[in-house]
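Open the structure in your viewer and keep the sequence panel beside it. We will go from one selection to the next, and each stop says what to look for.

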Amino acid sequence: MPSPEYRTSEADKLIYQNSNTYRIHADNLRWSLLGGYAVFLAAITGFSQNEAGIISIKDPAISLLAFLLSFFYLWILAVQNWFYNLFAGWVDDCEGKLINGERLVSLHQFAKENGPTINPFHPAFFFAEFLVGSVAYYFLVQTIKTLLTPSQVTDLLW
């Protein structure tokens, strides 16, 4: 039950507004990042199919580079998703405190108290992380396949 003497201050209103703004921005950013990866993937496969043969996925240097970039992108997505979860948790915390008539805390304070318990997993964005991870694995297998390895090893990987 909210305490009768507490009224939502202007600072609390601003904190709540900012928490929602940050969460929405983080959500838009993570989907934009996935769109950027789709463009990267389309470009690398498009150049690979080109008649001029500018690059080829069958070239181990190119497939290794594609793997490294994909793996790096996966880490970027995971970090961005962690921030989304942090902001979403902050929104939940703010809403709960507003309902209970408590003072809201800053993002810094919330992150200090709750940051270690937040992970980058989010069910709605797991698809993106799975997609990028699978493509990274494909490029890794393509790299191994194009190097001098016995066919039994590459068949097992495939």
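Select Asp27: is this residue buried, partly exposed or exposed? Asp27 is partly exposed, since its relative accessible area is 22%, and buried would require a value under 20%. Before going further, please keep in mind that this is a predicted model.

**The first salt bridge**

Keep Asp27 selected and add Arg30. The two form a salt bridge, with 2.9 Å between the closest N and O atoms. Both belong to helix H1, and because they are three residues apart there, about one helical turn separates them. Arg30 differs from its partner in exposure: with a relative accessible area of 2%, Arg30 is buried.

**The whole chain**

Now zoom out and colour by secondary structure. You should find five helices and zero strands, so the order of elements from the N terminus on reads α-α-α-α-α. Of the 158 residues in the chain, 33% are buried. Among contacts with a separation of 6 or more, 76% join residues that are 24 or more positions apart. If you turn on the surface, its accessible area comes to about 9800 Å², and carbon and sulfur atoms account for 67% of that.

**Asn81, next to Arg30**

Return to Arg30 and look for Asn81, one of whose contacts is Arg30. Asn81 is in helix H2. Its relative accessibility is 0%, so Asn81 counts as buried. Leaving out residues up to four places away in sequence, the other residues that Asn81 touches are Pro120, Phe121, His122, Phe125 and Glu129. Glu129 is also listed among the buried residues of helix H4.

**Along helix H4**

Select residues 126-146, which make up helix H4. How far apart are its end C-alpha atoms? They are 30 Å apart, which agrees with the 30 Å expected for 21 residues at 1.5 Å a residue. Show the side chains and pick out the buried ones: Ala128, Glu129, Val132, Val135, Ala136, Phe139, Val141, Gln142 and Thr143.

Then select Phe130, another residue of H4. With a relative accessible area of 51%, Phe130 is exposed, because exposed means over 50%. Add Phe121 and Phe126 to the selection, and you have a nonpolar patch on the surface. Together the three offer about 330 Å² of accessible area.

**Into the cores**

Next, hide the surface and select Tyr37, Ile44, Tyr73, Leu77, Val132 and Phe139. These residues have the most contacts inside the largest nonpolar core, which has 16 residues. At least two residues of this core come from each of helix H1 (10-49), helix H2 (60-100) and H4. A second core, of twelve residues, lies apart from it; Ile15, Leu86, Leu104 and Phe110 are among its members.

Go back to Tyr37 in the largest core. Which residues does Tyr37 contact, leaving aside neighbours within four places in sequence? They are Ser70, Tyr73, Val132, Val135, Ala136 and Phe139. Val135 and Ala136 also appear among the buried residues of H4.

**More salt bridges**

A search of the whole structure finds four salt bridges, and two more of them are worth a stop here. Select Lys13 and Glu10, whose side chains meet in a salt bridge at 3.5 Å, N to O. Both are in helix H1, three residues apart, which is about one turn of the helix. Glu10 is exposed, with a relative accessible area of 58%, whereas Lys13 counts as partly exposed at 44%.

Then move to helix H2 and select Lys97 and Asp93. The side chains of this pair meet in a salt bridge of 3.7 Å, N to O. They are four residues apart in the helix, so about one helical turn lies between them. Lys97 is buried, with a relative accessible area of 16%, while Asp93 counts as partly exposed at 21%.

**Last stop: Asn114 and Trp90**

Finish by selecting Asn114, which is part of helix H3 (residues 107-114). Asn114 counts as partly exposed, at 24% relative accessibility. Draw a distance from its C-alpha atom to that of Trp90, and the viewer should give 9.0 Å for these two residues, which are 24 residues apart along the chain.

Terms used
Residues numbered from 1 in each chain as written. Predicted model: local features only at pLDDT ≥ 70, side-chain atom pairs only at ≥ 80, totals over all residues. Heavy atoms only, no water. Expected span 1.5 Å × (residues − 1). Buried < 20%, exposed > 50% of the residue type's maximum accessible area, 1.4 Å probe, protein only. Patch = residues over 30% accessible without salt bridge, like charges linked within 9 Å, V, L, I, M, F, W, Y side chains within 5 Å. Areas by Shrake-Rupley, 256 points an atom, 1.4 Å probe, with all protein chains shown as cover. Core = buried A, V, L, I, M, F, W, Y, C linked by side-chain atoms within 4.5 Å. Contact = heavy atoms within 4.5 Å.
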